[in-house]
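Open the model in your viewer and keep the selection panel at hand. The stops below go from the chain contact to the helices of one chain.

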Amino acid sequence: MSHWGYVFLAYGIVWAAILIYLATLRSRLKKIEVELAVIDSSPEPEAARDPRTAGPRR
Amino acid sequence: MTAKTGKATRILGALALFFVVLGLYWGLVMAPPDAYQGDTQRIMYLHIPSILIAYLSFFIVFVGSCLFLWKRERRDDVLAYAAAEIGVLFTALTIIEGAIWGKPTWGVWWTWDARLTLTAILLLIFIAYLMLRALIEEEDRAAVCGAILGIIGFLDIPLIHMSVYWWRTLHQPPSILRPDKAPWDNIHPAMLVALGLNFVAFVLLYFYLLSRRIRLGERQEELRQRKLYGRR
């Protein structure tokens, strides 16, 4: 491999990895937003509304 | 995320992109080839900023972990977790760039040199950190265990930095930040500009990625709280 071959290999891997990471961040955030939207749109459970019974649901 | 922080993140992203393009142009076109290594030396414009960003990232993990263990505030844990993930990315990239640079200059992709080995150990420690965070289901326990491992992992960095002085290593000692000479006495000015531009690009890019990863961590925390306590 020529000197430029090594240079382009290094630059290619670095910038491809950073772009892939950025894309995964976006898709992970989108997935969470969808889950949050589903929770927001679903009817609130009784336990969450009643302060006497509100607490961790396991 | 407020509209103000969202705008700030976008400005940071645009600035990072500008400096990335400028850094690429200066590193690949404007900077002269090295007298001994030729064009292969251009990998340095990625290699040095990558490892410095990894150090910065793990320093943030260290600070966030100490604060979390002291005050038990979730935002410190979110910060440490976000920084650890990005630190792993940049450490892995540093090792890959080093291997690609090592092949034409040293004749090998990898050698069990003190600095290389300690950097690989740093990567493994923080991969273990991410695995631990993913595998422990109880979030508070995962955060405490992660914080302890994050603090221990950071202690590897001074060892990596000093390894070239303490042991006979194949990896060269610092050629720019030397205590006996100013940076401009060691390197061609155009190379120094290329390195500086790429460093600024990596710093801006790092804070852009970190702000996006923190945003993800905050929303994950919100989702966890809502699943535990219902809609608020």
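Start with the place where the two chains touch; note that this is a predicted model. Select chains A and B together: 28 residues of chain A are in contact with 28 residues of chain B. On the chain A side, helix H1 (3-41) and helix H2 (46-49) each supply at least two residues. H1(A) gives the most, with 21 residues. Colour that side of chain A by class and you will find 21 nonpolar, 1 polar and 6 charged residues.

Next, hide chain A and select helix H4 of chain B, residues 114-135. How far apart are its end C-alpha atoms? They are 31 Å apart, which agrees with the 32 Å that 22 residues should span at 1.5 Å a residue.

Stay on H4(B) and pick out its buried residues: Arg115(B), Leu116(B), Thr119(B), Leu122(B), Leu123(B), Ile125(B), Phe126(B), Tyr129(B) and Arg133(B). What they pack against is H3, H5 and helix H6 (156-166) of chain B.

Now click on Ala134(B), which also lies in helix H4 of chain B. Is Ala134(B) buried or exposed? It has 9 other C-beta atoms within 10 Å, and a residue with 12 or fewer counts as exposed, so Ala134(B) is exposed. From here, draw a distance to Ile187(B): the two C-alpha atoms are separated by 44 Å, with these positions 53 residues apart along the chain.

Add H5(B) to the view of H4(B). Their axes come within 9 Å and cross at roughly 175°. An angle over 145 degrees counts as roughly antiparallel, so H4(B) is roughly antiparallel to H5(B). To see the contact, select Leu122(B), Ile125(B), Phe126(B), Ala128(B), Tyr129(B), Leu132(B) and Arg133(B) on H4(B). Opposite them on H5(B) are Ala142(B), Cys145(B), Gly146(B), Leu149(B), Gly150(B) and Gly153(B). By class this contact holds 9 nonpolar, 3 polar and 1 charged residues.

For the last stop, keep H5(B) (residues 139-154) and swap H4(B) for H3(B) (residues 74-106). The axes of H3(B) and H5(B) come within 11 Å and cross at roughly 55°, which makes H3(B) oblique to H5(B). Their crossing is left-handed. On H3(B), select Asp77(B), Ala80(B), Tyr81(B) and Ala84(B); they meet Ala143(B), Gly146(B), Ala147(B) and Gly150(B) in H5(B). The contact of H3(B) with H5(B) has 5 nonpolar, 2 polar and 1 charged residues.

Technical notes. Residues are numbered from 1 along each chain as its sequence is written. Chains are lettered from A and ligands numbered from 1 in the order in which they are written. This is a predicted model: local features need pLDDT of at least 70, side-chain atom pairs count only at pLDDT 80 or more; totals for chains, interfaces and linings use all residues. Two residues are in contact if their C-beta atoms, placed from the backbone, lie within 7 Å. Helices (H or I, at least four residues) and strands (E, at least two) are DSSP runs, numbered from the N terminus. Ala, Val, Leu, Ile, Met, Phe, Trp, Tyr, Cys and Pro count as nonpolar, Asp, Glu, Lys and Arg as charged, and the others, Gly among them, as polar. Axes are lines fitted to C-alpha atoms, for helices over the stretch in contact, and angles run from 0 to 180 degrees between N-to-C directions. Angles under 35 degrees count as roughly parallel, over 145 as roughly antiparallel, 65 to 115 as roughly perpendicular and the rest as oblique. A crossing is left-handed if the near helix is turned anticlockwise from the far one by less than a right angle, and right-handed if clockwise. The expected span of a helix is 1.5 Å times one less than its number of residues. A residue is buried if 20 or more other C-beta atoms lie within 10 Å of its own, exposed if 12 or fewer, and partly exposed in between; C-beta atoms are placed from the backbone.
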